[in-house]
Amino acid sequence: VARPDEPLDDAAWRMVAARAHRLVVVEGERTVGILSVRDVLDGLADRKLAEPIRSIMNTEVITLEIGDPISKAVHGLASAGVHGLVVMDGSRAVGVFTQAEALAARHLPPALLNDPVEEVMSSETICFDVDTPIDQVATAVRNMHVRRILVVHQRQLVGILSDLDLVDVLARAAG
């Protein structure tokens, strides 16, 4: 939870620590709103960080191949403890398999769980070069309403960055 009069940085750090995309805003015993990652990014938009995203990206990217069965994707997502897996076609990132796709897969007939992950993945991926400044990526994430950025170097996947990673670094930056 957060309070309406609480500094945004404090709420942001609590959000990051809990790996939560939303905090309930309470005043006394009453709920007065919801603070989302996007709200925090809006509030920290004036913070300029020219440092490249390579400095904050996670290089441990969990991937699947485009032909892997949906059942493998569902199991991989659950066991990895992450919110999305990157789907690869050889050495090229072509999509993501997220919690939304995993939830939808629960309603598939069992036989369809052997179909390739390509059938259910999201092919909307946002990629940025490792040298792109953090503040530019934060603006893009805010404007495009995305939760994860694939980080590339010479068109090869080298890392991943979440919206919460951006909230963390912006909250720590001097205003």
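**Close-up views of a predicted model**

**View 1. The β1–β2 hairpin, with Val 26 standing opposite Thr 31 in β2.** In this predicted model, strand β1, which spans residues 22-27, pairs with strand β2, residues 30-36, in the antiparallel sense, and the pairing extends over 6 bridges. The two strands form a hairpin with 2 residues between them, and in that turn Gly 28 has a positive phi of about 70 degrees.

**View 2. The packing of helix α1 (residues 8-18) with helix α6 (residues 163-172).** The helices pack at an angle of about 145 degrees, their axes lying 9 Å apart, and α1 passes α6 in a left-handed crossing. From α1, the residues Asp 9, Ala 12, Trp 13, Met 15 and Val 16 meet Leu 164, Val 167, Asp 168, Ala 171 and Arg 172 of α6. Sorted by class, this contact of α1 with α6 comprises 7 nonpolar and 3 charged residues, with no polar ones.

**View 3. The buried and exposed sides of helix α3 (residues 70-80).** The buried residues of α3 are Ile 70, Ala 73, Gly 76 and Leu 77; seen down the axis of the helix, they fall within an arc of 125 degrees, and they therefore line one face of α3. His 75, Ala 78 and Ser 79, on the other side of α3, are exposed.

**View 4. The surroundings of α3 and the residue that follows the helix.** The elements covering the buried residues of α3 include the strands β3 (63-65), β4 (84-89) and β5 (92-98), together with helix α4 (99-105). Just after α3, Gly 81 takes a positive phi of about 70 degrees.

How values were computed:
Residues numbered from 1 in each chain as written. Predicted model: local features only at pLDDT ≥ 70, side-chain atom pairs only at ≥ 80, totals over all residues. Heavy atoms only, no water. Pairing = 2+ DSSP bridges. Helix = DSSP H or I, 4+ residues; strand = E, 2+ residues; numbered from the N terminus. Axes fitted to C-alpha atoms, helices over the stretch in contact; angles between N-to-C directions. Left-handed = near helix turned anticlockwise from the far one by under 90°. Contact = heavy atoms within 4.5 Å. Nonpolar A, V, L, I, M, F, W, Y, C, P; charged D, E, K, R; others polar. Buried < 20%, exposed > 50% of the residue type's maximum accessible area, 1.4 Å probe, protein only. Arc of directions from axis to C-beta.
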